[in-house]
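Okay, thanks for coming, everyone. I'd like to walk you through a structure that's probably new to most of you, so let's put it up on the screen.

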Amino acid sequence: QVQLVESGGGLVQAGGSLRLSCAASGRIFSINAMGWYRQAPGKQRELVAAISTDGITSYLDSVKGRFTISRDNAKNTVFLQMNSLKPEDTAVYYCSAGRVQPARWIFDSWGQGTQVTVSS
């Protein structure tokens, strides 16, 4: 089992920036991908960004050019730098861990979530 601990959420004005961090521990050898999902009230959870151990990335169309995912493999940590935030980015953000396969990401470990609120 993989344990994930997130940090970095909070309240920010539109146009501002936040950086989320997530540290993984436990059965690290079983994963080769980490990512960030978000879920807003009344909406389905969606994959915001993902990154593999060798640097392959994927982004939700609505965050491309504003969000950047990165990772420190030595520290088993993944980051999400969020710039030019918009009120519609408001959600609970969940760190996730799993594996990447051709054409798809499979995540089966989750953090507790961190609230990101963007005021207009």
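One term before we start: when I say buried, I mean a residue with under 20% relative accessible area, while exposed means over 50%, and partly exposed is whatever falls in between. Also, please keep in mind that what you're looking at is a predicted model.

Let's begin with the disulfide. There is 1 in the structure, and it links Cys22 with Cys95, with the two sulfurs 2.0 Å apart. Is Cys22 buried or exposed? Its relative accessible area is 0%, and the cut-off for buried is under 20%, so Cys22 is buried. Cys95 is at 0% too, so that one also counts as buried.

What is the handedness of this disulfide? The torsion about the S-S bond comes out at about -85 degrees, so the disulfide is left-handed. As for where the two ends sit, Cys22 is in strand β3, residues 18-26, and Cys95 is in strand β9, residues 91-101. Those parts are 73 residues apart in sequence, so the pair ties together pieces of the chain that are separated along it.

Now have a look at Ser109, which is in contact with Cys95. Setting aside neighbours within four places in sequence, Ser109 also touches Val2, Leu4, Ser96 and Ala97. Ser109 belongs to strand β10, residues 104-110, and with a relative accessible area of 9% it's buried.

Next, strand β8. This strand covers residues 77-82, and 5 of its 6 residues are buried, so the rest of the structure largely encloses it. Which way does β3 run relative to β8, parallel or antiparallel? The two are antiparallel, joined by 6 bridges. If you want a spot to find on the screen, Leu20 has Leu80 in β8 as its bridge partner.

Then there's β7, residues 67-72, which pairs with β8, again in the antiparallel sense and over 6 bridges. Here you can look for Thr68, whose bridge partner in β8 is Gln81. β7 and β8 make a hairpin, with 4 residues between the strands.

That turn holds Asn76, so let's stop there for a second. Most residues other than glycine have a negative phi. Asn76 isn't a glycine, yet its phi is positive, near 50 degrees. At 23% relative accessibility, Asn76 counts as partly exposed. Ser84 also has a positive phi, near 50 degrees. You'll find Ser84 in the loop between β8 and β9, and it is partly exposed as well, with a relative accessible area of 39%.

Okay, on to the inside. In soluble globular proteins, nonpolar side chains tend to be buried together. In this model, the largest nonpolar core has 28 residues, and the ones that touch the most other members are Met34, Trp36, Leu80, Met82 and Tyr93. You've met Leu80 already, as the bridge partner of Leu20. Several elements give two or more residues to this core, including β1, β4, β5 and β11, along with the now familiar β3, β7, β8 and β9. Apart from that core lies another one, with 5 residues, among them Tyr37, Ala50, Tyr94 and Phe107.

Last topic: charges. Side chains of opposite charge can pair when their charged atoms come close. How many salt bridges does a search of the whole structure find? The count is 5. One of them joins Arg38 and Glu46, at 2.8 Å from N to O. Arg38 is buried, with a relative accessible area of 6%, whereas Glu46 is partly exposed at 30%. Those two belong to a network of salt bridges that also takes in Arg66 and Asp89.

Elsewhere, Lys64 meets Asp61 in a salt bridge at 3.0 Å, N to O. Asp61 is at 61% relative accessibility, so it counts as exposed. And Asp108 forms a salt bridge with Arg99, where the closest N and O atoms are 3.0 Å apart. Both ends of that bridge are partly exposed, Asp108 at 44% and Arg99 at 29%.

To recap, we've looked at a left-handed disulfide, a largely enclosed strand β8, a nonpolar core of 28 residues, and a salt-bridge network around Arg38 and Glu46. That's it from me, thanks for listening.

Definitions and conventions
Residues numbered from 1 in each chain as written. Predicted model: local features only at pLDDT ≥ 70, side-chain atom pairs only at ≥ 80, totals over all residues. Heavy atoms only, no water. Disulfide = S-S within 2.5 Å. Buried < 20%, exposed > 50% of the residue type's maximum accessible area, 1.4 Å probe, protein only. Pairing = 2+ DSSP bridges. Contact = heavy atoms within 4.5 Å. Core = buried A, V, L, I, M, F, W, Y, C linked by side-chain atoms within 4.5 Å. Salt bridge = Lys/Arg side-chain N within 4 Å of Asp/Glu carboxyl O.
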